[in-house]
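Student: I am new to this structure and would like a close look at a single part of it. Could you take me through one helix and what surrounds it, and then follow the salt bridges outward from there?

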Amino acid sequence: MFRKILSLFGSSRSQAHNESQDLTIKSNETTNSYSSSGFGDVVDGLQFSPTFQIRTPCKILRANGMHVANEAQIPDYLREQQHGIWLPKVKQKYSLDDDNDVGASDASGSNRDDYITFVCSIKDIYSENISIFERVKLIDTFKADHPELLYVEDKLLAYYNNYDSIIDILMFNVDFSFEDLANFHYRDEGYLRPILGINSRVEKSLISLGYKVVEDVTHLTKDQLMELDGVGNKSAEKILEKIAEVKSAIRLNALTA
């Protein structure tokens with residue numbers, strides 16, 4: 001989109017090459033915008049384009065396309081560079097065809113409105129103050145009700161390919177909670193390291209002895225842990241501390257569910 005705008009400005013510049021006015025497009029670090037001068041016949045203020053990443057706050061994503069007359073009208077919450085950028089808004093009669101996709105994003109090729117609807121809907125659900133299992137159920141219900149948006153999820157999973165589910169993407173990239181992690185993956189293989197805080201050597205040792213999920217490890221004593229390859233007295237104590245955290249998180253979830 002930025003290149004399209006620049007190309008249009010380039011055309012306007014060539015048409016006005018004999019005029020004395022100063023034609024420029026320049027960035028402003030204070031307002032995170034690209035303002036233009038000398039293009040009053042083409043430009044109508046500024047328009048916001050957010051950073052289409054799942055970590056971007058939904059308040060920012062939902063501001064996509066916001067139009068202001070000048071830099072002074074830019075809301076404070078939209079001035080941070082990490083969240084997006086303000087570009088000159090081309091007047092309707094000069095506007096170029098826009099495919100309305102998210103461009104460089106963690107779901108490249110998605111329609112902007114689809115991306116915002118899917119990502120913000122599941123993030124809103126994920127932030128609710130209910131158990132992780134209830135939130136997952138609500139997210140699954142939302143996805144079942146909106147099959148037309150599932151392609152956005154597929155693109156996100158392809159981008160964050162070290163995660164197996166949209167829940168893990170949310171858990172590790174949006175709002176990490178040890179309580180959620182411990183409860184949701186208590187009986188799942190592949191989560192010994194992130195939950196117990198162990199290294200790959202200890203993980204391999206546990207798996208080789210048949211301890212493949214966190215639930216298996218919670219029954220081990222200090223002496224049993226110290227028999228593992230790579231586990232000494234201090235390491236065993238740290239693992240036991242994590243086991244205590246896991247048990248506490250699960251008990252807390254059972255009480256509040």
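Tutor: Let us take helix H5, which spans residues 150–159 and whose buried residues are Val152, Glu153 and Leu156. Seen down the axis of H5, these buried residues fall within an arc of 100 degrees, so they line one face of the helix. Please keep in mind that this is a predicted model. As for what covers the buried residues of H5, the surroundings include helix H3 (112–126), helix H4 (132–145) and helix H6 (166–173).

One of the buried residues, glutamate 153, deserves a slower look, because its relative accessible area is 9%, and buried means under 20%. The side chain of glutamate 153 meets that of lysine 143 in a salt bridge, with a distance of 2.8 Å from N to O. Lysine 143 lies in helix H4 and glutamate 153 in helix H5, so this pair ties together parts that are 10 residues apart in sequence. Lysine 143 is buried as well, with a relative accessible area of 16%.

Moving outward, the structure holds 9 salt bridges, and one of these is formed by arginine 62 and aspartate 124, whose closest N and O atoms are 2.9 Å apart. This pair links distant parts of the chain, since arginine 62 sits in the loop between helix H2 (58–61) and strand E4 (67–68) while aspartate 124 belongs to helix H3, 62 residues apart. Arginine 62 is partly exposed, at a relative accessible area of 48%, and aspartate 124 is partly exposed too, at 35%.

A further salt bridge joins arginine 187 to glutamate 215, with 3.0 Å between the closest N and O atoms. Arginine 187 lies in the loop between helix H7 (178–184) and helix H8 (192–196), and glutamate 215 lies in helix H10 (residues 214–217), so the pair ties together parts that are 28 residues apart in sequence. Arginine 187 counts as exposed, at 57% relative accessibility, whereas glutamate 215 is partly exposed, with a relative accessible area of 23%. Returning to the part where we began, salt bridges that share partners join Asp140, Lys143 and Glu153 into one network.

Finally, there is a region annotated in a record: an unreviewed UniProt entry lists residues 223–242 as "domain: Helix-hairpin-helix DNA-binding motif class". In the model, this span is 70% helix and 0% strand, and its end C-alpha atoms lie 16 Å apart.

Definitions and conventions
Residues are numbered from 1 along each chain as its sequence is written. This is a predicted model: local features need pLDDT of at least 70, side-chain atom pairs count only at pLDDT 80 or more; totals for chains, interfaces and linings use all residues. Side-chain values use heavy atoms; hydrogens and water are left out. UniProt positions are given in the numbering used here, feature names are shortened, and annotations may be inferred rather than shown by experiment. Helices (H or I, at least four residues) and strands (E, at least two) are DSSP runs, numbered from the N terminus. Buried means under 20% relative accessible area, exposed over 50%, partly exposed in between (1.4 Å probe, protein chains only). The arc is that of the directions from the helix axis to the C-beta atoms. Contact means heavy atoms within 4.5 Å. A salt bridge is a side-chain nitrogen of Lys or Arg within 4 Å of a carboxyl oxygen of Asp or Glu.
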